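This report goes through one protein chain, from a single strand outwards to cavities, aromatic rings and unusual backbone angles. Keep the structure in view while reading.

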Amino acid sequence: MSNLSRRIFLLGGLTTAGAVALPLGASAQPSATATPFPFTLGVASGEPDDSSVVLWTRLAPAPTNADGQGGMPDADVAVDWQVSAREDFATLVASGTATARYAQAHAVHVLAGGLAPDAEYYYRFRAQGFVSPVGRTRTAPSPTTVGRDFTMAFASCAHYESGYYTAYRRMADDRPDVILHLGDYIYEGGATTNGVRQHLGSEIVSLADYRRRYALYRTDPDLQAAHAIAPWLVVPDDHEVENNYAGTVRADNSPVLTAAQWTARRTAAYQAYFENMPLRAAATPNGNSIQLYRRVRWGTLATFHLLDTRQFRDDQACGDGSKVCADADLTSRSITGAAQEAWLLDGLGRRLATWDLIGQQVFFARNVNAAGAMNMDAWDGYRASRARIQQGIIDRAVRNPVVLTGDVHASWGNDLKADYANPSSATIGSELVCTSITSGGNGSATTTVPNGALNPHLRFYSDRRGYVRTRITPAQITADFRSVATVTEHGAAATTARTFHLHDGQPGLADA
């Protein structure tokens with residue numbers, strides 16, 4: 001890159017959100033008319049290891065066009081990228097040019113390598129004569145070192161129509177080292193008339209539909225701020241495809257689809273998910289499947305085991321819903337599939353780090369009501385599957401297993417028990433459940449644990465929206481359940497509803 005081009009790049013800044021015009025260069029496109037700003041969806045990073053990180057952007061000057069192409073021409077576009085250890089980009093540690101392809105809706109996934117372990121960086125892009133906003137990212141420590149203490153925030157369930165993304169902004173304000181998203185990043189339903197904001201169009205089915213829906217969500221400035229502040233680790237749940245789907249089985253028949261159309265819908269949903277997330281090439285979809293369960297090492301301090309509890313699960317027992325259902329105990333039933341279950345148990349048995357963090361989508365601990373009914377879409381609908389995981393934790397003497405969960409639109413803090421029918425049985429781990437970003441609306445101020453007397457291992461509940469912020473050290477995890485009082489009005493403050501400590505070698509939640 002020329003010295004002139006390098007100086008032009010210096011116009012960027014971490015909070016830059018508008019267009020910065022540049023003279024023609026390697027990535028600029030000549031045009032007889034003014035070229036619109038292409039970085040309307042912001043920037044993101046993800047999947048850090050000790051020497052590299054994925055950098056993401058997508059060119060979309062007209063992001064919500066119905067064809068899903070974001071207003072871009074039917075042509076590939078060169079995109080320059082830079083990484084610096086300095087916010088002013090006075091010196092570079094990595095740079096190059098990537099190709100934003102029309103066939104991938106001009107999404108860019110750059111694997112920026114050659115980086116130092118346990119280090120903070122800044123990055124940005126340039127295309128069509130414009131410089132992007134600047135993102136902050138970081139690498140993980142070396143797999144053989146503890147590294148620094150770090151802050152990890154996690155979230156789920158961000159229905160666009162239900163409210164404003166204030167919780168994402170408050171996560172960005174915390175400047176975490178990594179953000180974990182546990183699914184329902186988008187919702188597939190059509191526009192309604194009673195939401196705080198409105199989806200565009202009817203329920204999404206085609207690739208163009210899914211691309212357009214991601215673009216709508218990603219135009220939100222609070223979501224962009226959360227992406228720009230830290231690298232993300234992501235796993236989807238159901239709404240990225242269709243509510244409560246199970247493997248290849250649809251949850252409902254609306255809209256009516258043939259078997260071939262349902263397969264095409266999953267194919268489109270997985271492709272759009274990959275296009276819009278900062279994922280490594282290993283997650284590139286293969287037709288109507290996508291490889292998403294994986295491990296991410298954070299030195300010897302933490303190992304993230306990221307699960308996919310949708311693609312390989314058996315159909316929900318007894319027709320789904322909250323049921324008293326003997327079939328949920330069948331040993332043949334699995335929420336992960338046999339291969340993923342074996343992979344998880346093998347990884348837990350390696351005990352690679354002080355903390356084994358299991359990032360997954362649906363409620364893990366038992367949660368039974370007075371009628372004896374349980375949620376068939378959660379692990380309560382796959383009780384033998386859960387029992388095998390828990391027995392594996394016991395047999396492998398996993399020191400600090402922590403399940404991280406989304407989906408249920410409320411905050412929960414749970415102890416994991418060797419035998420949920422016996423409250424005095426051993427506590428073998430912990431579950432932290434984040435509430436939604438917006439789904440369910442404002443919620444209420446209640447903190448009474450539903451059916452708490454029947455489930456004494458369920459230690460905390462909050463009905464507000466928000467996220468969980470954790471501070472992870474060799475000695476303990478400090479978990480703050482953060483909440484906002486309203487999502488129907490923008491800009492609410494975040495407060496800590498409850499804090500727990502998880503102490504090394506002492507399974508379960510301890511009061512702060």
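A residue is called buried when its relative accessible area is under 20%, exposed when it is over 50%, and partly exposed in between. The model discussed here is predicted.

**A buried strand**

Strand S15 covers residues 355–359, and five of its five residues are buried, so the strand is largely enclosed by the rest of the structure. In a regular strand the side chains alternate between the two faces of the sheet. In S15, Trp-355, Leu-357 and Gly-359 point one way, while Asp-356 and Ile-358 point the other way. The residues pointing either way are all buried.

Which strands are joined to S15 by bridges? One is strand S13 (residues 302–306), which runs parallel to S15 and is joined to it by five bridges. Within this pairing, Phe-304 has Leu-357 as its bridge partner. Another is S17, also parallel, with four bridges to S15. Here Asp-356 stands opposite Pro-401 of S17.

**Cavities**

How many cavities of 30 Å³ or more does the model contain? The count is three. The largest cavity holds about 60 Å³ of space. It is lined by 13 residues, and those closest to its centre are Asn-400, Pro-401, Ser-430, Pro-507 and Gly-508. Pro-401 is thus found both in this lining and opposite Asp-356 in the strand pairing described above. Four elements give two or more residues to the lining: strand S17 (401–405), strand S19 (427–433), strand S23 (494–503) and strand S24 (506–511). By kind, the lining residues of the largest cavity are six nonpolar, six polar and one charged.

The second largest cavity has a volume of about 40 Å³. Its lining is made up of Leu-307, Leu-344, Ile-358, Gln-360, Phe-364, Trp-379, Ile-389 and Val-403. Seven of these residues are nonpolar, one is polar and none is charged. Ile-358 in this list is also one of the buried residues of S15.

**Aromatic rings**

The structure holds 20 aromatic pairs. A pair of aromatic rings is described by the distance of the centres and the angle of the planes. The table gives these values for two of the pairs.

| Pair | Distance between centres | Angle between planes | Type |
|---|---|---|---|
| Tyr-293 and Phe-312 | 6.0 Å | 80 degrees | edge-to-face |
| Trp-412 and Tyr-461 | 4.9 Å | 70 degrees | edge-to-face |

Planes over 60 degrees apart count as edge-to-face, and the rings of Tyr-293 and Phe-312 have their planes at 80 degrees, so that pair belongs to this type. Tyr-293 lies in the loop between H5 and strand S12 (294–298), and Phe-312 lies in the loop between S13 and strand S14 (322–323), so the pair ties together parts that are 19 residues apart in sequence. Are these two residues buried or partly exposed? Tyr-293 has 17% relative accessibility and therefore counts as buried. Phe-312 has 36% and therefore counts as partly exposed.

In the pair of Trp-412 and Tyr-461, the planes are 70 degrees apart. Trp-412 belongs to strand S18 (residues 411–417) and Tyr-461 to strand S20 (residues 458–462), so this pair links distant parts of the chain, 49 residues apart. Both Trp-412 and Tyr-461 are buried.

Ring pairs also link a cluster made up of Tyr-160, Tyr-165, Tyr-168, Tyr-185, Tyr-214, Tyr-217 and Trp-232.

**Unusual backbone angles**

Most residues other than glycine have a negative phi, and most peptide bonds are trans. Gln-128 is not a glycine, yet its phi is positive, at about 50 degrees. Gln-128 sits in the loop between strand S6 (120–127) and strand S7 (130–131). With 11% relative accessibility, Gln-128 counts as buried.

Ala-397 likewise has a positive phi of about 50 degrees without being a glycine. The place of Ala-397 is the loop between helix H7 (383–395) and S17. At 46% relative accessibility, Ala-397 counts as partly exposed.

Where is a cis peptide bond found? The bond from Ser-254 to Pro-255 is cis, with omega near 0 degrees. Pro-255 lies in the loop between strand S11 (232–234) and helix H5 (259–276).

**An annotated region**

An unreviewed UniProt entry annotates residues 41–139 as "domain: Phospholipase D N-terminal". Over these residues the chain is 0% helix and 45% strand, and the C-alpha atoms at the two ends are 23 Å apart.

Note on methods: Residues are numbered from 1 along each chain as its sequence is written. Side-chain values use heavy atoms; hydrogens and water are left out. On a 1 Å grid over the protein atoms alone, a cavity is a set of points where a 1.4 Å probe fits but cannot get out, and a pocket is an open set with protein on both sides within 12 Å along at least five of seven lines; lining residues have an atom within 4 Å of a point. Grid points are joined across faces, edges and corners, and a volume is the space filled by probe spheres set on the points. Ala, Val, Leu, Ile, Met, Phe, Trp, Tyr, Cys and Pro count as nonpolar, Asp, Glu, Lys and Arg as charged, and the others, Gly among them, as polar. Buried means under 20% relative accessible area, exposed over 50%, partly exposed in between (1.4 Å probe, protein chains only). UniProt positions are given in the numbering used here, feature names are shortened, and annotations may be inferred rather than shown by experiment. Two strands pair if DSSP finds at least two bridges between them. Rings of Phe, Tyr and Trp (its six-membered ring) pair if their centres lie within 6.5 Å; planes under 30 degrees apart count as stacked, over 60 as edge-to-face and the rest as tilted.
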